[in-house]
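Biologist: Could you walk me through this fold and tell me what lies behind the words you use for it?
Modeller: Gladly, let's look at it together.

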Amino acid sequence: MKYRERYVLEDIADDSWRMFRIISEFVDGFEALGSIKKAVSIFGSARSSPKEPWYIAAEKTAYLLSKKGYAVITGGGGGIMAAANKGAHRAKGVSVGLNIELPHEQSPNPYANIQMGFRYFFARKVMFVKYASAFVVFPGGFGTMDELFESLTLIQTQKIKPFPVILYDKKYWGGLIEWIKENLLKKRPYFARR
């Protein structure tokens, strides 16, 4: 067998097994989170420290949401995610951490009473959206932006029911909101139809 033929066969076999790993992530997620009736997904920077105002606000927000009976779902890592899980944990609420396997970071935080590990971002994102009745988005980086725009896209395309997407810190998000208003809503009104 030639090298190229062997490589293609190995790749096809790997893809087949990958499909089963993906299915198992969905099954595990649905089983672990299926009993959650109302939840809020909280996103934000993995690098915020416990002394920063955003961290403190995320912890307080999650605490108050938990006291009102909402489960809190985060990405399960440090920073804002740890703060939100900590707030829910302090309130004795359901605190969910959906951790992602990354090469150099993202260890699970100790505050989630439901911990799950994901290899695939898209399976993890389904869990964020499927069980949430709102998103609270704190300042963050590309991962936070990805989660924010994924939710907005799903709402705009009517793939999910519209629900609140709250951006915390007007100063941080102001430039992006103005850009969206000017370039997506005003110049391209078909983005705002829904």
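Modeller: Keep in mind that this is a predicted model. Let's start with helix H3 (residues 80-90), which lies across strand S1 (39-43), strand S2 (71-74) and S3 and runs at about 160 degrees to S2. On the sheet there is also H5, touching S1, S5 and S6, and its direction makes about 145 degrees with that of S6.

Biologist: What is the order of the strands in the open sheet?
Modeller: The 6 strands follow the order S4-S3-S2-S1-S5-S6, with parallel pairing. Ignoring direction, neighbouring strands are turned by 20 degrees against each other on average.

Biologist: Why do S4 and strand S6 (165-167) stand at the edges?
Modeller: Each of the two has a single partner strand, so one side of S4 and one side of S6 is left without a neighbour in the sheet.

Biologist: How do you know that strand S5 (residues 134-137) and S6 pair?
Modeller: Pairing takes at least two bridges, and S5 and S6 have 3 bridges, in the parallel sense. Val137, for instance, has Leu167 in S6 as its bridge partner.

Biologist: Now the helices. What makes H5 oblique to H6?
Modeller: Helix H5 (residues 142-156) and helix H6 (residues 170-186) pack at an angle of about 40 degrees, with their axes 14 Å apart. Angles under 35 degrees would count as roughly parallel, and 65 to 115 as roughly perpendicular. The angle therefore makes H5 oblique to H6. The crossing is right-handed.

Biologist: Which residues of H5 and H6 meet there?
Modeller: From H5 come Thr144, Met145, Leu148 and Phe149, and they meet Tyr172, Trp173, Leu176 and Ile180 of H6. By class this contact has 7 nonpolar residues, 1 polar and no charged.

Biologist: And why is H4 called oblique to H5?
Modeller: The axes of helix H4 (residues 121-130) and H5 cross at roughly 60 degrees and come within 11 Å. Roughly perpendicular begins at 65 degrees, so H4 is oblique to H5. In this contact, Arg124, Lys125, Phe128 and Val129 of H4 meet Asp146, Glu147, Glu150 and Leu154 of H5. The residues divide into 3 nonpolar, no polar and 5 charged.

Biologist: One last residue: why does Asn109 count as buried?
Modeller: Buried means under 20% relative accessible area, and Asn109 has 6% relative accessibility, so Asn109 counts as buried. Asn109 is found in the loop between strand S3 (95-100) and strand S4 (114-118). Among the residues Asn109 touches are Gly76, Gly77, Met81 and Gln115.

Technical notes: Residues are numbered from 1 along each chain as its sequence is written. This is a predicted model: local features need pLDDT of at least 70, side-chain atom pairs count only at pLDDT 80 or more; totals for chains, interfaces and linings use all residues. Side-chain values use heavy atoms; hydrogens and water are left out. Axes are lines fitted to C-alpha atoms, for helices over the stretch in contact, and angles run from 0 to 180 degrees between N-to-C directions. Helices (H or I, at least four residues) and strands (E, at least two) are DSSP runs, numbered from the N terminus. Angles under 35 degrees count as roughly parallel, over 145 as roughly antiparallel, 65 to 115 as roughly perpendicular and the rest as oblique. A crossing is left-handed if the near helix is turned anticlockwise from the far one by less than a right angle, and right-handed if clockwise. Contact means heavy atoms within 4.5 Å. Ala, Val, Leu, Ile, Met, Phe, Trp, Tyr, Cys and Pro count as nonpolar, Asp, Glu, Lys and Arg as charged, and the others, Gly among them, as polar. Buried means under 20% relative accessible area, exposed over 50%, partly exposed in between (1.4 Å probe, protein chains only). Lists of a residue's contacts leave out its neighbours within four places in sequence.
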